[in-house]
Amino acid sequence: MGILSGSMNIFRLYFNEDFKYNIMEIGDILEEYSFNNFYDEEKHVNYGFVPFEYPEKISFGEAPIIYGEYILFSVRYDEKRFNSRYFKTELITMKKRYMEESNKEYITKNDLEFLKNSLTNKLMKNAVPNTTIIEIVLIPEKKEIWLSVASNKIIEVISNLFRSAFDINPYQETLIEMAKRTINNPSKVDKLLLLNPTMN
């Protein structure tokens, strides 16, 4: 299952900047901003570029990037999570123990923040990250980026990576922009908006 097999939904982003990189430069940039280069075990969230055939190929030096007229690669997004109910249960236990050990009758706001942070760090240290692989099709001629996974969080990650790595700003097309692009006479959309400004 994947973009190449055509067996999933895909989502499109656009950018306006010129893409001025050759294939060698693209490979170097992807390696520089790769998941392995950015990974930090202490961080709750890690992300970066990985080859399209990841994890079969983990280095851009051994993985193809060009597939016909398309540039293909992926983004790996790791996020550590823990069960919120378990957190609440453990926090109650920590509060009781803290009050007993410090001979306090109540917990201050600062005490509570300290306990929450301590528990979060403890749980995150042992948490197994949830991994998402986002397959990317980059089409510089059309200034399009196609994604195999899209959510607000994922789009923010993709935007951050592409801004840092390639100096381009991906964005989602609005309904109005889509209508203007697909209708033969875009001025009709502007006239419609004048009649019903709430659509904008």
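User: Let's begin with α1. What do the buried residues of α1 pack against?

Analyst: This is a predicted model, so take everything here as a reading of that model. In it, β2, β4 and α5 are what the buried residues of α1 pack against. Those buried residues are Ile26, Gly27, Ile29 and Leu30.

User: How do I tell whether the buried residues of a helix line one face?

Analyst: The general idea first: an α-helix has 3.6 residues a turn, so positions three or four places apart point the same way. For α1, look down the axis: the buried residues fall within an arc of 165°, so they line one face of the helix. On the face turned away from that buried side you'll find the exposed residues Met24 and Asp28.

User: And the start of α1? Which residue caps the N-terminal end?

Analyst: Asn22 does that job in α1. Look for its side-chain oxygen, which sits 3.0 Å from the backbone nitrogen of Met24.

User: Can we try the same reading on α3? Which residues of α3 are buried?

Analyst: Phe87, Leu91 and Met94. Seen down the axis of α3, they fall within an arc of 70°, so here too the buried residues line one face. The face turned away from them carries the exposed residues Arg85, Lys88, Ile92, Lys96 and Glu100. Part of the cover over the buried residues of α3 comes from α4.

User: How straight does α3 look by the numbers?

Analyst: I'd just compare spans. α3 has 19 residues, and its first and last C-alpha atoms are 26 Å apart, close to the 27 Å expected at 1.5 Å a residue. At its N-terminal end the cap is Asn83, with a side-chain oxygen 2.8 Å from the backbone nitrogen of Arg85.

User: What comes after α3, and what is the sign of its phi?

Analyst: Asn103 follows α3, and its phi is positive, near 55°. That residue lies in the loop between α3 (84–102) and α4 (109–126). Asn103 is exposed, at a relative accessible area of 69%.

User: Which other non-glycine residue has a positive phi of about 55°?

Analyst: Lys143. Look for it in the loop between β5 (129–139) and β6 (144–147). Lys143 counts as partly exposed, because its relative accessibility is 24%.

User: While we're on backbone angles, where is there a cis peptide bond?

Analyst: Check the step from Tyr54 to Pro55: that bond is cis, with omega near 5°. Pro55 belongs to the loop between β2 (45–50) and β3 (66–67).

User: Now the interior. How should I read a nonpolar core?

Analyst: In soluble globular proteins, nonpolar side chains tend to be buried together. Here the largest nonpolar core has 28 residues, and those with the most contacts inside it are Phe49, Phe73, Ile136, Ile145, Ile158, Phe162 and Phe166. At least two residues each come from α1 (23–32), β4 (70–80), β5, β6 and α5 (152–166). The largest share is that of α5, with eight residues. There is another core apart from this one, of six residues, including Leu91, Leu115, Leu119 and Leu123.

User: Which residues does Phe49 contact, leaving aside neighbours within four places in sequence?

Analyst: Among them are Leu30, Tyr33, Phe60, Phe73, Val75, Leu161, Phe162 and Phe166. Ser34 and Ser74 are on the list as well.

User: Glu79 has a charged side chain in strand β4. Is it buried or exposed?

Analyst: Buried, because its relative accessibility of 15% is under the 20% cut-off. The side chain of Glu79 makes a polar contact of 2.9 Å with that of Lys153. Leaving aside neighbours within four places in sequence, Glu79 touches His44, Val45, Pro129 and Asn130 as well as Lys153.

User: Zooming out, how many helices and strands are there?

Analyst: Seven helices and six strands, in the order β-α-α-β-β-β-α-α-β-β-α-α-α along the sequence. Of the 200 residues, 34% count as buried. For contacts between residues at least 6 apart in sequence, 66% join residues at least 24 apart. The accessible surface comes to about 13000 Å², with 51% of it belonging to carbon and sulfur atoms.

Terms used: Residues are numbered from 1 along each chain as its sequence is written. This is a predicted model: local features need pLDDT of at least 70, side-chain atom pairs count only at pLDDT 80 or more; totals for chains, interfaces and linings use all residues. Side-chain values use heavy atoms; hydrogens and water are left out. Helices (H or I, at least four residues) and strands (E, at least two) are DSSP runs, numbered from the N terminus. Buried means under 20% relative accessible area, exposed over 50%, partly exposed in between (1.4 Å probe, protein chains only). A nonpolar core is a set of buried Ala, Val, Leu, Ile, Met, Phe, Trp, Tyr and Cys residues joined through side-chain atoms within 4.5 Å. Contact means heavy atoms within 4.5 Å. The arc is that of the directions from the helix axis to the C-beta atoms. A polar contact is a pair of N or O atoms within 3.5 Å; within protein, one must be able to donate a hydrogen and the other to accept it, and residues adjacent in sequence count only if both atoms are side-chain atoms. Accessible areas come from the Shrake-Rupley method with a 1.4 Å probe; for residues, only the protein chains shown count as cover. The expected span of a helix is 1.5 Å times one less than its number of residues.
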